[in-house]
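Reader: Please take a close look at one part of this model, the loop residues with unusual backbone angles. Put them in the setting of the whole fold.

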Amino acid sequence: MVTRRVDLRSDTVTKPTETMRAAMAAAEVDDDVLGNDPTAFRLESEMAKIMEKEAALFVPSGTMGNLISVLVHCDIRGSEVILGHNSHIHIYENGGISTIGGVHPRTVKNNADGTMDIDSIEASIRDPKGELVYPTTRLICLENTHGK
(Lines give C-alpha, C1' and ligand atoms only; values in the text may rest on other atoms or scores of the structure.)
Protein backbone atom coordinates (compact mmCIF):
# COMPACT_ATOMS: atom_id res chain seq x y z
CA MET A 1 0.00 0.00 0.00
CA VAL A 2 1.26 3.46 -0.91
CA THR A 3 1.35 5.79 2.09
CA ARG A 4 3.08 8.80 0.55
CA ARG A 5 0.98 11.93 0.85
CA VAL A 6 0.75 14.44 -1.99
CA ASP A 7 -0.65 17.84 -1.05
CA LEU A 8 -2.53 19.35 -4.00
CA ARG A 9 -4.35 22.10 -2.10
CA SER A 10 -2.53 24.85 -3.91
CA ASP A 11 -0.02 25.54 -6.62
CA THR A 12 2.18 27.16 -3.96
CA VAL A 13 2.06 24.51 -1.19
CA THR A 14 3.93 21.70 -2.92
CA LYS A 15 7.51 22.68 -3.70
CA PRO A 16 9.47 21.06 -6.55
CA THR A 17 12.29 18.69 -5.65
CA GLU A 18 15.81 19.18 -7.01
CA THR A 19 15.11 16.44 -9.57
CA MET A 20 11.99 18.30 -10.69
CA ARG A 21 13.93 21.56 -10.92
CA ALA A 22 16.62 19.87 -13.01
CA ALA A 23 13.99 18.43 -15.35
CA MET A 24 12.41 21.88 -15.77
CA ALA A 25 15.79 23.49 -16.45
CA ALA A 26 16.66 20.86 -19.06
CA ALA A 27 13.24 20.81 -20.76
CA GLU A 28 13.09 21.75 -24.42
CA VAL A 29 10.96 24.89 -24.70
CA ASP A 30 9.69 27.25 -27.36
CA ASP A 31 6.66 29.49 -27.91
CA ASP A 32 3.58 27.56 -26.78
CA VAL A 33 1.20 30.24 -28.12
CA LEU A 34 2.44 29.47 -31.62
CA GLY A 35 2.23 25.75 -30.89
CA ASN A 36 6.00 25.27 -30.97
CA ASP A 37 6.69 24.16 -27.39
CA PRO A 38 7.34 20.40 -27.54
CA THR A 39 7.26 19.94 -23.76
CA ALA A 40 3.88 21.66 -23.35
CA PHE A 41 2.56 19.78 -26.38
CA ARG A 42 3.65 16.41 -24.92
CA LEU A 43 2.13 17.25 -21.53
CA GLU A 44 -1.19 18.35 -23.05
CA SER A 45 -1.31 15.33 -25.36
CA GLU A 46 -0.60 12.89 -22.54
CA MET A 47 -3.21 14.48 -20.26
CA ALA A 48 -5.84 14.39 -23.02
CA LYS A 49 -5.08 10.70 -23.53
CA ILE A 50 -5.22 9.87 -19.81
CA MET A 51 -8.48 11.80 -19.35
CA GLU A 52 -9.92 10.38 -22.60
CA LYS A 53 -10.54 13.87 -23.99
CA GLU A 54 -10.06 15.40 -27.41
CA ALA A 55 -7.51 17.89 -26.10
CA ALA A 56 -6.01 19.36 -22.93
CA LEU A 57 -4.68 22.78 -21.98
CA PHE A 58 -1.80 23.43 -19.58
CA VAL A 59 -2.34 26.41 -17.28
CA PRO A 60 0.29 27.54 -14.77
CA SER A 61 -1.95 28.02 -11.74
CA GLY A 62 -5.05 26.69 -10.02
CA THR A 63 -6.53 30.19 -10.10
CA MET A 64 -6.22 30.31 -13.87
CA GLY A 65 -7.67 26.81 -14.18
CA ASN A 66 -10.64 27.71 -11.99
CA LEU A 67 -11.29 30.93 -13.93
CA ILE A 68 -11.17 29.15 -17.29
CA SER A 69 -13.46 26.40 -16.00
CA VAL A 70 -16.07 28.89 -14.79
CA LEU A 71 -15.91 30.93 -18.01
CA VAL A 72 -16.34 27.83 -20.18
CA HIS A 73 -19.67 27.12 -18.49
CA CYS A 74 -20.76 30.72 -17.84
CA ASP A 75 -20.15 32.03 -21.34
CA ILE A 76 -22.77 34.78 -21.10
CA ARG A 77 -21.94 37.87 -19.01
CA GLY A 78 -24.30 38.09 -16.05
CA SER A 79 -24.43 34.30 -15.62
CA GLU A 80 -24.49 33.00 -12.06
CA VAL A 81 -22.42 30.32 -10.36
CA ILE A 82 -23.42 28.67 -7.10
CA LEU A 83 -20.45 27.94 -4.84
CA GLY A 84 -19.52 27.50 -1.21
CA HIS A 85 -19.03 30.63 0.89
CA ASN A 86 -15.53 29.41 1.84
CA SER A 87 -14.49 28.24 -1.62
CA HIS A 88 -11.23 29.38 -3.12
CA ILE A 89 -12.97 30.70 -6.21
CA HIS A 90 -15.04 33.01 -4.01
CA ILE A 91 -12.53 34.01 -1.31
CA TYR A 92 -8.97 33.74 -2.62
CA GLU A 93 -9.01 34.38 -6.35
CA ASN A 94 -9.38 38.16 -6.35
CA GLY A 95 -12.93 38.20 -7.69
CA GLY A 96 -11.70 37.04 -11.10
CA ILE A 97 -14.98 35.42 -12.10
CA SER A 98 -16.74 38.76 -11.62
CA THR A 99 -13.97 41.12 -12.70
CA ILE A 100 -12.87 39.26 -15.80
CA GLY A 101 -15.89 37.13 -16.66
CA GLY A 102 -18.86 39.17 -15.49
CA VAL A 103 -20.07 36.10 -13.57
CA HIS A 104 -22.20 36.59 -10.46
CA PRO A 105 -21.28 34.38 -7.47
CA ARG A 106 -24.16 33.04 -5.36
CA THR A 107 -22.85 31.46 -2.20
CA VAL A 108 -24.22 28.57 -0.19
CA LYS A 109 -22.98 28.01 3.37
CA ASN A 110 -20.25 25.42 3.61
CA ASN A 111 -20.53 22.83 6.36
CA ALA A 112 -17.57 22.37 8.72
CA ASP A 113 -16.14 19.65 6.44
CA GLY A 114 -16.36 21.88 3.34
CA THR A 115 -19.43 20.21 1.86
CA MET A 116 -22.67 22.01 1.03
CA ASP A 117 -26.20 20.87 1.82
CA ILE A 118 -27.86 19.60 -1.35
CA ASP A 119 -31.18 21.19 -0.39
CA SER A 120 -29.46 24.57 -0.02
CA ILE A 121 -27.85 24.19 -3.41
CA GLU A 122 -31.15 23.24 -5.00
CA ALA A 123 -32.94 26.16 -3.32
CA SER A 124 -30.30 28.56 -4.72
CA ILE A 125 -30.86 27.59 -8.35
CA ARG A 126 -32.74 30.44 -10.01
CA ASP A 127 -36.06 29.82 -11.71
CA PRO A 128 -35.46 30.44 -15.43
CA LYS A 129 -38.74 32.37 -15.55
CA GLY A 130 -37.02 35.16 -13.61
CA GLU A 131 -34.17 35.64 -16.08
CA LEU A 132 -35.44 39.11 -16.97
CA VAL A 133 -34.58 40.39 -13.48
CA TYR A 134 -32.18 37.80 -11.99
CA PRO A 135 -28.93 36.24 -13.16
CA THR A 136 -29.33 32.82 -14.77
CA THR A 137 -27.76 29.97 -12.80
CA ARG A 138 -25.42 28.17 -15.19
CA LEU A 139 -22.96 26.36 -12.92
CA ILE A 140 -22.50 24.77 -9.51
CA CYS A 141 -18.88 24.59 -8.29
CA LEU A 142 -17.91 22.00 -5.68
CA GLU A 143 -14.42 22.29 -4.18
CA ASN A 144 -12.61 19.77 -2.07
CA THR A 145 -9.47 21.76 -1.29
CA HIS A 146 -10.82 23.79 1.63
CA GLY A 147 -12.58 20.91 3.44
CA LYS A 148 -11.15 19.30 6.55
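Author: **Two domains, two loop residues**

The C-alpha centres of domain 1 and domain 2 are 32 Å apart. The assignment sets domain 1 at 19-58 and domain 2 at 76-141; such bounds come from an automatic or database domain assignment.

A word on the basis. This is a predicted model, in which local features need pLDDT of at least 70, side-chain atom pairs count only at pLDDT 80 or more, and totals for chains, interfaces and linings use all residues. Residues are numbered from 1 along each chain as its sequence is written, and side-chain values use heavy atoms, with hydrogens and water left out.

Now the fold. The protein has six helices and three strands. Here helices (H or I, at least four residues) and strands (E, at least two) are DSSP runs, numbered from the N terminus. Their order along the sequence is α-α-α-β-α-α-β-α-β. The radius of gyration is 19 Å, well over the 15 Å that the globule rule gives for 148 residues, so the protein is more spread out than a compact globule. That radius is taken over C-alpha atoms, and the rule is 2.2 Å times the number of residues to the power 0.38. Along the principal axes, the C-alpha atoms fill a box of roughly 55 × 40 × 30 Å.

Next, burial and contacts. Of the 148 residues, 23% are buried. Buried means under 20% relative accessible area, exposed over 50%, and partly exposed in between (1.4 Å probe, protein chains only). Among contacts with a separation of 6 or more, 55% join residues 24 or more positions apart. A contact means heavy atoms within 4.5 Å.

Now the close look. Most residues other than glycine have a negative phi. Glu52 has a positive phi, near 55 degrees, and is not a glycine. Glu52 sits in the loop between α2 (38-50) and α3 (62-73). With 72% relative accessibility, Glu52 counts as exposed.

Asn94 is another such case. Its phi is positive, about 55 degrees, although Asn94 is not a glycine. The loop that holds Asn94 runs between α4 (88-91) and α5 (96-99). Asn94 counts as exposed, at 73% relative accessibility.
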